[in-house]
Amino acid sequence: MAACAFRRSIASQLSKVLDLPPENLIKSISAVPVSKKRHVADFQLSIASVTEDSSSDSSAQDLHRQAQKLAERTVLQQVLKDGSEYGVKSELFSAVPRQKAVIEFSSPNIAKKFHIGHLRSTIIGNFIANLKVALGHEVIRINYLGDWGMQFGLLGVGFQCFGNKEKLKSSPLQHLFEVYVQINKEAEDENVKKLAKDFFRKLEEHDEQTLSLWKQFRDFSIEEYIRIYKRLGVHFDEYSGESFYQEKSQEVLKMLEDKGLLQKTVKGTGIVDLSEKKDLSSFSTVVRSDGTSLYITRDLAAAIDRMNRHSCDTMIYVTDKSQSNHFQHLFQILKLMGYDWAERCQHVSFGLVQGMKTRRGEVVFLEDVLNEVRSRMLQNMASAKTTKEIENPMETAEKVGLAALIIQDFRGLLSSDYQFSWDRALQSRGDTGVFLQYTHARLHSLEQMHGNEQLTDVNVACLQEPDAISVLQHLLRYDEVLYRSSQDLQPKHIVSYLLTLSHLAAVAHKTLPVKGSAPDVAQARRCLFQAARSVLANGMKLLGITPVTQM
């Protein structure tokens, strides 16, 4: 493609943005001479020729400032034109290939606690999925339930002793948890042990009655999970589980054997040697001495099955960092088996959260956390002087409370541990989710007050104040922040960007009144606040937060 074609293409793009005919621009675009500096543009635009300021002896600094001004003038039009696609349509992403990703996250164990680690996995996995979808990738969200294993033998016996079909239907998670706790007290009893072993053996042999009871445990639990995830704004494309990979894990063991990778130990367990020198300095146990499969064997079967079914470009597992070793072994074994795609699998690990308690004590169910955050937020809203009468306080409190949880969780590196604090999370000032929601609601009501018709013909030159320019400059950086998060899958870049945007918008809201200003100034300011609210809402949604319009 000759330089003239490039110039034409650049001119036609610029003409839309600058509202000037392309032929006026072509003359001002020139190829950049080769330079020793590595990162230089290929083409440059003579700024003087397109800005009103045509004094030709401008210094480099002046020119830089003028170029910046030019960008600021166009950013508002861009934000309002692109709407929810602002930032993701950026040329930064033009070279990124569209991919298909499988993301496994949340993954609680039936009849056991839904602890804070599951909550972290849920919101982090949801963020990664949202970001990838926004950037045009295809995503399959998988919830891999702990729905198999010896504990189901125990649970089955427990249900036969203490179970209640009605309670299983109405509140399965709580009822199964209570049954499990109760039978666990007797788990050392030889008779109970034997019964539990028998129940699980029958499950493995697909005994109809046993299987039908287990299926009820699973189906009712999933129904309730779906309802609770909905409150979190999370959904899954597939509820998978260890139970799916019983037979398949036997096939995996056979493959390992055929490839000469499976070794028997003196104890009778089966292992795979992962060491460089083949001296067993690092190995992974894949089968018990009685021939039954382990968690990692089922994970191997699941990975191979997903790759066969979805033929995806990447598989992402979101779990806490204590499982780093497990995933290292998983990916290593897959590679030894000849699956090159194991290199495209990724474990996104996160740190531990200390100190999250509800009024009922330690977190047992996800629903407890959601109810707690809602009731605390309702209390705060009731005691705040600024709160107007709002239509649905319960729903608003829940959305604001969730924003608080998510922002507290996403502020640092995912891999770092942190101490949870309700008071800190729910503060209305400072760097919190409550502050983001409050800013969004204020900007929204400003739009409502002045009629929210689409602003088209705006004279951006009216926005000369430093507070307005700070917002404009910040809006220009949004795509860079999205790009960083898309590269390392860390939400903190977006979080700090949105917090800064909210602080800048709050200052501008105080110093740049819309009411009582000259019409074109008022219009330009409205446009500025509308753009800020739009980007704030987009970023919040990526993080898994539903922006509220009043609070």
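**Exercise 1. Which residues do ring pairs link into a cluster?**

Solution. The model is predicted, so local features need pLDDT of at least 70 and side-chain atom pairs count only at pLDDT 80 or more, while totals for chains, interfaces and linings use all residues. Residues are numbered from 1 along each chain as its sequence is written, and side-chain values use heavy atoms, with hydrogens and water left out.

Step 1. Apply the criterion: rings of Phe, Tyr and Trp (its six-membered ring) pair if their centres lie within 6.5 Å; planes under 30 degrees apart count as stacked, over 60 as edge-to-face and the rest as tilted.

Step 2. A search of the whole structure finds 21 aromatic pairs. Y339 and W341 form a tilted pair, with 5.2 Å centre to centre and 40° between the planes.

Step 3. The cluster linked by ring pairs consists of F105, F114, Y225, Y229, F236 and Y239.

**Exercise 2. Determine the helical spacing and the exposure of the salt bridge partners K194 and D198.**

Solution. Step 1. A salt bridge requires a side-chain nitrogen of Lys or Arg within 4 Å of a carboxyl oxygen of Asp or Glu. The side chains of K194 and D198 meet at 3.0 Å, N to O.

Step 2. Helices (H or I, at least four residues) and strands (E, at least two) are DSSP runs, numbered from the N terminus. Because K194 and D198 are four residues apart in helix α8 (residues 190-204), about one helical turn separates them.

Step 3. Buried means under 20% relative accessible area, exposed over 50%, and partly exposed in between (1.4 Å probe, protein chains only). K194 has 51% relative accessibility and therefore counts as exposed; D198, at 23%, is partly exposed.

**Exercise 3. Treat the pairs R227 with E224 and D305 with R309 in the same manner.**

Solution. Step 1. In the salt bridge of R227 with E224, the closest N and O atoms are 3.3 Å apart. Both residues lie in helix α9 (residues 208-232), three residues apart, about one turn of the helix.

Step 2. R227 is partly exposed because its relative accessibility is 43%, whereas E224 is buried at 11%.

Step 3. D305 and R309 form a salt bridge at 3.1 Å, N to O, and lie four residues apart in helix α11, about one turn. D305 counts as buried because its relative accessibility is 11%; R309 is partly exposed at 43%.

Step 4. E224 and R227 also belong to a network of salt bridges with R231, E367, R374 and E398.
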